[in-house]
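Q: I am new to this structure and would like a close look at a single part of it, taken slowly. Please show me where that part sits, which residues mark it, and what surrounds it.

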Amino acid sequence: MGLSILGIFHTFIGVVAIVAAIIGFTRNGKIDLAQITGKVYFYFTLVTSLTALGLSKHGGFNPGHVFAFFIVLLILAAYFLYYKKQESKRARFFENFLLSFSFFLSLIPTVNETFTRVPIGHPLAKAPTDPIIGQTLLTLFVLFLIGSIFQFRMQKKINKI
């Protein structure tokens with residue numbers, strides 16, 4: 001696969017973050033920073049994004065680095081809202097959205113890298129512009145929108161209690 005030691009570490013930590021988020025979505029309907037899965041998602045995503053800044057398949061600064069930096073900003077903003085605005089019911093809406101959006105954005109380079117590398121020797125896609133990548137990302141975007149609506153409604157009910 002041609003991964004460096006940093007690339008292997010980055011990939012492993014990133015997979016753990018994605019699994020933690022999926023478990024959080026399944027159990028709680030969101031990435032909840034009060035739960036261990038939310039904490040694992042936050043810290044592992046932070047490390048994954050920071051290590052992404054040291055990786056470059058094509059050399060130099062690229063769109064993947066922009067995604068990584070933006071994801072760091074999103075999760076730090078969510079962290080701030082969770083820990084500094086605990087009494088604000090409105091802040092929960094933004095916190096949920098920021099964490100879910102960071103998860104969706106994390107999947108963009110994940111899908112791209114996975115589909116252009118796996119299976120080894122005969123990857124699913126030849127380049128980031130391959131239709132299978134676009135179709136997969138469109139499906140994930142629709143799921144993100146549906147999930148965001150679900151989270152909004154769920155949070156609205158929680159706020160009324």
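The part to look at is helix H4, which covers residues 89-115, and the answer below starts there before turning to its surroundings.

A: The model is a predicted one, and every value that follows should be read as computed from that prediction. A good place to enter helix H4, which runs over residues 89-115, is alanine 91. Alanine 91 counts as buried because its relative accessibility is 5%, where the limit for that word is under 20%. When its neighbours within four places in sequence are set aside, alanine 91 is in contact with Leu81 and Lys85. Computed along the chain in residues, alanine 91 and phenylalanine 80 are 11 apart, and their C-alpha atoms lie 9.8 Å from each other in space.

A little further along H4 comes glutamate 95, and this residue deserves a longer look. Is glutamate 95 buried or exposed? Glutamate 95 is buried, since its relative accessible area is 2% and the word applies under 20%. With residues up to four places away in sequence left out, glutamate 95 touches Leu33, Ala78, Leu81 and Tyr82. Leu81 is thus in the contact list of glutamate 95 and also in that of alanine 91.

Glutamate 95 also has a partner within H4: its side chain meets that of arginine 92 in a salt bridge, at 2.7 Å from N to O. Why are arginine 92 and glutamate 95 separated by about one helical turn? The reason is that they are three residues apart in helix H4. An α-helix has 3.6 residues a turn, so residues three or four places apart point the same way. Arginine 92 is itself buried, because its relative accessible area is 12%, and so this salt bridge joins two buried residues.

The count of salt bridges comes to two, and one of them, as described, joins arginine 92 to glutamate 95. Another links arginine 117 with glutamate 113, whose closest N and O atoms are 2.9 Å apart. Here the two partners are not alike in their cover: arginine 117 counts as buried because its relative accessibility is 19%, whereas glutamate 113 is partly exposed, because its relative accessible area is 28%. Side chains of opposite charge can pair when their charged atoms come close.

After H4 the chain enters the loop between H4 and H5, and proline 119 has its place there. The peptide bond that joins valine 118 and proline 119 is cis, with an omega of about -10°.

Now consider the helices around H4, beginning with H3, for which H2 and H4 are included in what covers the buried residues. H3 takes in residues 63-84, 22 in number, and from its first C-alpha to its last it reaches 31 Å, which is close to the 32 Å expected at 1.5 Å a residue. Among the buried residues of H3 are Ala78, Leu81 and Tyr82, and these names have already appeared, for they are among the residues that glutamate 95 touches. Other buried residues of H3 include His65, Ala68, Ile71 and Val72.

H1 belongs to the same picture, since its buried residues pack against H2 and H4. Those buried residues are Gly7, His10, Ile13, Gly14, Ala17, Ile18, Ala20, Ala21 and Gly24. The length of H1 agrees with expectation, because its 24 residues should span 34 Å at 1.5 Å a residue and its end C-alpha atoms are 34 Å apart. Following H1 is glycine 29, whose phi is positive, near 75°.

Between H1 (5-28) and H2 (36-52) there is a loop, and aspartate 32 lies in it. Aspartate 32 is buried yet has no salt bridge, and the nearest side chain of opposite charge, that of lysine 30, is 4.7 Å away; the pair therefore falls outside the 4 Å limit for a salt bridge. Apart from residues up to four places away in sequence, aspartate 32 touches Gly38 and Lys39.

Beyond the loop that follows H4 lies H5, covering residues 131-160, where phenylalanine 141 has its place. Phenylalanine 141 is partly exposed, because its relative accessible area is 33%. Together with Leu138, Val142, Leu143, Leu145 and Ile146, Phe141 makes a nonpolar surface patch of about 540 Å². Glutamine 135 is also found in H5, and this residue is exposed, because its relative accessible area is 52%.

How values were computed:
Residues numbered from 1 in each chain as written. Predicted model: local features only at pLDDT ≥ 70, side-chain atom pairs only at ≥ 80, totals over all residues. Heavy atoms only, no water. Patch = residues over 30% accessible without salt bridge, like charges linked within 9 Å, V, L, I, M, F, W, Y side chains within 5 Å. Areas by Shrake-Rupley, 256 points an atom, 1.4 Å probe, with all protein chains shown as cover. Helix = DSSP H or I, 4+ residues; strand = E, 2+ residues; numbered from the N terminus. Buried < 20%, exposed > 50% of the residue type's maximum accessible area, 1.4 Å probe, protein only. Lys, Arg positive; Asp, Glu negative; His and termini not counted. Contact = heavy atoms within 4.5 Å. Expected span 1.5 Å × (residues − 1).
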